[in-house]
Amino acid sequence: MKKSYNYLKLYFYYLHAIITIFPFIYMVLAGLMTYSEVTSLPPKIIPEVFQWHNYVAVFEKAPFLRYFTNTLFVSLVTTAATLITATLAAFAITSMEFKFKNAVLVIFVSLLMVPHEAIIFTNYNTISQMGLLNTYGALIIPFLTSIFYIYYLNTYFKGIGTTYYKAAKIDGASNLQYIWRILVPMAKPALTTVGILTFIASWNSFLWPLLVTNDKNMRLLNNGLSAFATESGSDVQLQLAAATLTVVPILIIYLIFRKEIIRGVAKNGVKG
C-alpha cells in the first residue's frame with residue numbers, strides 16, 4: 001500500500017512538472033515554426049523545419065539589441081546596489097548597537113506591509129520633479145535598496161552570530177574588512193539568492209519602466225516585447241521567438257547559480 005502511494009505521488013510530481021514546463025517548451029518550439037504551423041489546428045508541437053531566421057527577423061523588426069542592453073545595464077546596477085545597501089544595513093542592525101535600533105526594526109517590518117502599488121505614483125511624481133523621466137536614473141534610483149532583503153539578510157546574519165565580529169574587532173579589523181573578508185563569504189548562499197531574485201525582478205519589470213519612459217531607446221525588454229507584439233501584427237511566431245529571447249538569459253543565470261539559491265532558500269526561506 002505504501003509503495004503504491006509513493007508511486008502515485010511520484011507520477012503526480014512528474015505530471016505537475018510536465019504541465020508546468022510545457023508552455024515554456026511550446027513557446028521555444030513555436031518560435032521556430034512558420035506562421036501556418038503556429039496557427040494550424042490541431043496545433044503542431046514540433047516544427048517540420050526549424051525556422052532559425054525568425055530570430056533574425058525579430059532583430060530586424062525591433063531594436064531588441066537596445067532593449068537587451070538597457071535591461072542588462074539596469075538589472076546589473078540595481079542588483080549590485082541592492083546587494084551593497086542591503087548587506088551594510090543588515091550588518092548594522094545585526095552587529096552594531098545604536099539608539100532606536102528596535103524602532104528602526106519596527107519601521108522596517110511596518111514598511112514591508114506597504115504594497116509597491118501604493119507608492120508608485122508618489123515615486124513617479126518625485127522622479128518627474130527631478131527631471132529624470134526617460135533616463136536610466138528613473139529606472140534605477142527607486143530600486144537602489146530593498147527593505148525585504150535587508151530584513152532577510154538580517155535574519156541570515158543572526159544565524160552567523162556576533163562572535164566572529166567581536167573576534168575580528170579584537171584583531172583590529174574595521175567593519176568593512178569584517179564584512180568583506182568574513183561576513184560575505186559566510187553569507188554567500190543568502191547573498192546569491194538576493195542577487196538572483198533582484199536581477200530577475202529587475203529583468204521582468206514592466207509597470208514602472210512603462211510609467212517613466214516613453215522613448216523607444218529607453219525601453220526595457222518587457223516593454224519592448226509588448227510594443228513588438230503590436231508592431232509585428234499577426235506574426236505570432238515572431239512574438240514567441242521574441243518572448244523566448246527574454247526568458248533564456250534568466251534561465252541560464254538560474255542554472256548557473258541554482259545550488260546557491262537552493263542553499264539560501266533552505267537556510268531561511270524566501271517568500272515571493
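These legends go with an overview and several close-up views of a predicted model.

**Figure 1. The whole protein, a chain built from helices.** Let's start with the full picture: the protein has 14 helices and zero strands. Follow the chain from the N terminus and you meet one α element after another, right through the list. Along the principal axes, the C-alpha atoms fill a box of roughly 70 × 65 × 35 Å. Of the 272 residues, 36% count as buried. How much of the contact between residues at least 6 apart in sequence joins residues at least 24 apart? That share is 73%.

**Figure 2. Surface and charges of the protein.** Here we look at the outside, where the accessible surface comes to about 16,200 Å². Carbon and sulfur atoms account for 69% of that surface. As for charges, the protein has 20 positive and 10 negative ones. How far apart are the mean positions of these two sets? They are separated by 17 Å.

**Figure 3. A nonpolar patch with tyrosine 7.** This view shows a nonpolar surface patch of about 720 Å². Its makers are Tyr7, Leu10, Tyr11, Phe12, Tyr13 and Tyr14. Take tyrosine 7 as a way in: this residue belongs to helix H1, which covers residues 2-30. Tyrosine 7 has a relative accessible area of 43%, so it is partly exposed.

**Figure 4. A cis peptide bond at proline 42.** Zoom in on the step from leucine 41 to proline 42, where the peptide bond is cis. Its omega is near -5 degrees. Where does proline 42 sit? Look in the loop between helix H2 (35-38) and helix H3 (53-61).

**Figure 5. Threonine 87 and its contacts.** Threonine 87 is part of helix H4, residues 64-95. Is this threonine buried or exposed? Threonine 87 counts as buried because its relative accessibility is 7%, and the cut-off for buried is under 20%. Setting aside neighbours within four places in sequence, which residues does threonine 87 touch? Its contacts are Thr82, Leu153, Phe157, Ile179 and Leu191.

**Figure 6. Phenylalanine 100, a loop residue with a positive phi.** Just look at the backbone here: phi of phenylalanine 100 is near 60 degrees, a positive value in a residue other than glycine. Phenylalanine 100 lies in the loop between H4 and helix H5 (101-112). With a relative accessible area of 65%, phenylalanine 100 is exposed.

**Figure 7. Asparagine 134, in the loop between H6 and H7**. Asparagine 134 isn't a glycine, yet its phi is positive, at about 60 degrees. You'll find asparagine 134 between helix H6 (116-129) and helix H7 (136-140). Why is asparagine 134 called partly exposed? Its relative accessible area is 26%, and partly exposed takes in values between the 20% and 50% cut-offs.

**Figure 8. Alanine 227 and alanine 62.** For the last view, go to helix H13 (residues 221-231), where alanine 227 is found. Alanine 227 has a relative accessibility of 14%, so it counts as buried. Now pick out alanine 62, which is 165 residues away from alanine 227 along the chain. What separates the C-alpha atoms of these two alanines in space? The distance between the C-alpha atoms of alanine 227 and alanine 62 is 9.0 Å.

Terms used. Residues are numbered from 1 along each chain as its sequence is written. This is a predicted model: local features need pLDDT of at least 70, side-chain atom pairs count only at pLDDT 80 or more; totals for chains, interfaces and linings use all residues. Side-chain values use heavy atoms; hydrogens and water are left out. Helices (H or I, at least four residues) and strands (E, at least two) are DSSP runs, numbered from the N terminus. Buried means under 20% relative accessible area, exposed over 50%, partly exposed in between (1.4 Å probe, protein chains only). Contact means heavy atoms within 4.5 Å. Accessible areas come from the Shrake-Rupley method with a 1.4 Å probe; for residues, only the protein chains shown count as cover. Lys and Arg count as positive and Asp and Glu as negative; His and the chain ends are not counted. The place of a charge is taken as NZ of Lys, CZ of Arg, CG of Asp or CD of Glu. Patches are made of residues with over 30% relative accessible area and no salt bridge: like charges are joined within 9 Å, nonpolar side chains (Val, Leu, Ile, Met, Phe, Trp, Tyr) within 5 Å. A salt bridge is a side-chain nitrogen of Lys or Arg within 4 Å of a carboxyl oxygen of Asp or Glu.
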